Amino acid sequence: MLPRLRLAQAGPEFSRLAYGTWRLLNDAEHPTPRALLERLQRCADLGLTTIDTAEIYGGYRVEEAIGAALALDKGLRARLEIVTKAGIYVPNAFHPNRKVSYYDASGARLIKSAEKSLRFLGVDHLDLLLVHRPDWLTSPDDTAEGLNRLLKDGKIRCAGVSNYNVHQLEALDARVSQPLVTNQVEFSLLRMDPIFDGVTDQCQRLGIKPMAWSPLGQGRLMRRDDEAGVRVQQAAAEMAPRYDGATVDQLAFAWILAHPSRPMPIIGSNRIERIESAVRAASITLSREDWYALWTAAQGRRIP
Ligand SMILES: NC(=O)c1ccc[n+]([C@@H]2O[C@H](COP(=O)([O-])OP(=O)(O)OC[C@H]3O[C@@H](n4cnc5c(N)ncnc54)[C@H](OP(=O)(O)O)[C@@H]3O)[C@@H](O)[C@H]2O)c1
């Protein structure tokens, strides 16, 4: 069973990894509510209870698809933690009047989006709401006002941000009634920015855990035509016997999990066998040398 994790010391528990739904409707054939229900039930049985989604996913349709699956099993919602995001608005068939894509992290907009997410998902609260991207046109006071209202009304259990830099997180954190619990950022062997730009250091200072999106570099780590991916595959093959034959994806998840900021990786695949494989990574403890060997392979250079 997958271990549990508190993103913030005083906050609620989540699973050590999350299941991400960005690609849920990517295939030409969308999963039926029944098929998605079975996948979510299997995730819950594995202890993978945290589901990451966003208002914008699947052209604003993913939350509705999750809601349709949850409606088939009234008991399932209580076994899950639902994380969603708000703040990105793009022109599409539902919104023909939008001329350009834009961010809106104003309090009023966040409240409207969160209430829509609650309706689409068919739930009475969100376990975690994230501001999807920093909006350069909104003050942190305005964003905080919306988050504080949602927290006060019990519509969200806690709040966080995504893709914020350290200054943006600090400015918002100083204004919310309940400290932010995470910064969800791109973090993988192929995207190490958070360990260089201060994000993971800030999380450790504040006692919160980052969430790591695209943990396999959007699949690049598994490709045969990606130079850095191939270097990592070779390094992973060399160390696999020391980890009970662990696969590249598992070692890539284990690499993220080993970071002292204790990131929560978000699994991107919709294939149950790949989800199960990722969950098994939580029991791998990489040695210091192997963690650095993967760092070296991914970077294509020795440590400075
Ligand atoms: N906050 C943000 O701005 C943000 C941005 C992007 C993503 N996210 C979140 O992060 C989640 C994960 O992102 P991601 O989908 O880019 O993750 P990822 O794990 O880096 O990439 C998943 C992709 O890798 C492919 N893949 C190939 N071989 C695989 C293997 N052996 N095991 C697993 N996957 C393999 C998957 O294909 P198959 O599907 O065919 O398995 C899928 O297309 C998203 O679902 C979303 O919840 C957040």
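1. In this predicted model, the buried residues of helix α8, which spans residues 199-206, are V199, T200, Q202 and C203. Because these residues cover an arc of only 160 degrees around the axis, they sit on the same side of α8. The elements that cover them include α6, β10 and α7, the last of these running over residues 193-196. Just after α8, G207 takes a positive phi of about 75 degrees.

2. Helix α6, residues 166-173, can be read in a similar way. Its buried residues are V166, L169, L172 and D173, and they lie on the same side of α6, because the arc that they cover around the axis is only 135 degrees. Among the elements covering these residues are α5 (140-152), β9 (159-162), β10 (183-186) and α8. At the N-terminal end of α6, N165 acts as the cap, with a side-chain oxygen placed 3.0 Å from the backbone nitrogen of H167.

3. The two helices just described pack on one another: the axes of α6 and α8 are 10 Å apart and meet at an angle of about 30 degrees. The pair is therefore roughly parallel, since angles under 35 degrees are classed in that way. On the α6 side the contact is made by V166, L169, E170 and D173, and on the α8 side by V199, Q202, R205 and L206. Sorted by class, this contact of α6 with α8 has 4 nonpolar, 1 polar and 3 charged residues. It may help to compare the lists here: V166, L169 and D173 of α6 take part in the contact and are also among the buried residues of that helix, while V199 and Q202 of α8 take part in the contact and are likewise among the buried residues of α8.

4. A second helix pair, α1 (residues 33-46) and α3 (residues 62-70), packs with axes 8 Å apart and at an angle of about 80 degrees. The angle makes α1 roughly perpendicular to α3, because the range from 65 to 115 degrees is the one classed as roughly perpendicular. The residues that make this contact are P33, L36, L37 and L40 of α1, together with A65, I66, A68, A69 and L70 of α3. By class, the contact of α1 with α3 has 9 nonpolar residues, with no polar and no charged ones.

5. Which residues does Q184, in strand β10, touch once those up to four places away in sequence are not counted? They are D52, K85, L130, V161, S162, N163, M211, W213 and I266. Q184 counts as buried, because its relative accessibility is 2%, and the cut-off for that term is under 20%.

6. T143 belongs to helix α5, and its relative accessible area of 3% is the reason why T143 is classed as buried. When neighbours within four places in sequence are left aside, T143 is in contact with A105, G107, L110, V131, T138 and L172. The last of these, L172, is one of the buried residues of α6, a helix whose buried residues have α5 among the elements that cover them.

7. P304 lies in the segment after α12, a helix that runs over residues 288-299. Because its relative accessibility is 90%, P304 counts as exposed. From C-alpha to C-alpha, P304 and F253 are 24 Å apart in space, and 51 residues separate them in sequence.

Key
Residues are numbered from 1 along each chain as its sequence is written. This is a predicted model: local features need pLDDT of at least 70, side-chain atom pairs count only at pLDDT 80 or more; totals for chains, interfaces and linings use all residues. Side-chain values use heavy atoms; hydrogens and water are left out. Axes are lines fitted to C-alpha atoms, for helices over the stretch in contact, and angles run from 0 to 180 degrees between N-to-C directions. Helices (H or I, at least four residues) and strands (E, at least two) are DSSP runs, numbered from the N terminus. Angles under 35 degrees count as roughly parallel, over 145 as roughly antiparallel, 65 to 115 as roughly perpendicular and the rest as oblique. Contact means heavy atoms within 4.5 Å. Ala, Val, Leu, Ile, Met, Phe, Trp, Tyr, Cys and Pro count as nonpolar, Asp, Glu, Lys and Arg as charged, and the others, Gly among them, as polar. Buried means under 20% relative accessible area, exposed over 50%, partly exposed in between (1.4 Å probe, protein chains only). The arc is that of the directions from the helix axis to the C-beta atoms. A polar contact is a pair of N or O atoms within 3.5 Å; within protein, one must be able to donate a hydrogen and the other to accept it, and residues adjacent in sequence count only if both atoms are side-chain atoms.
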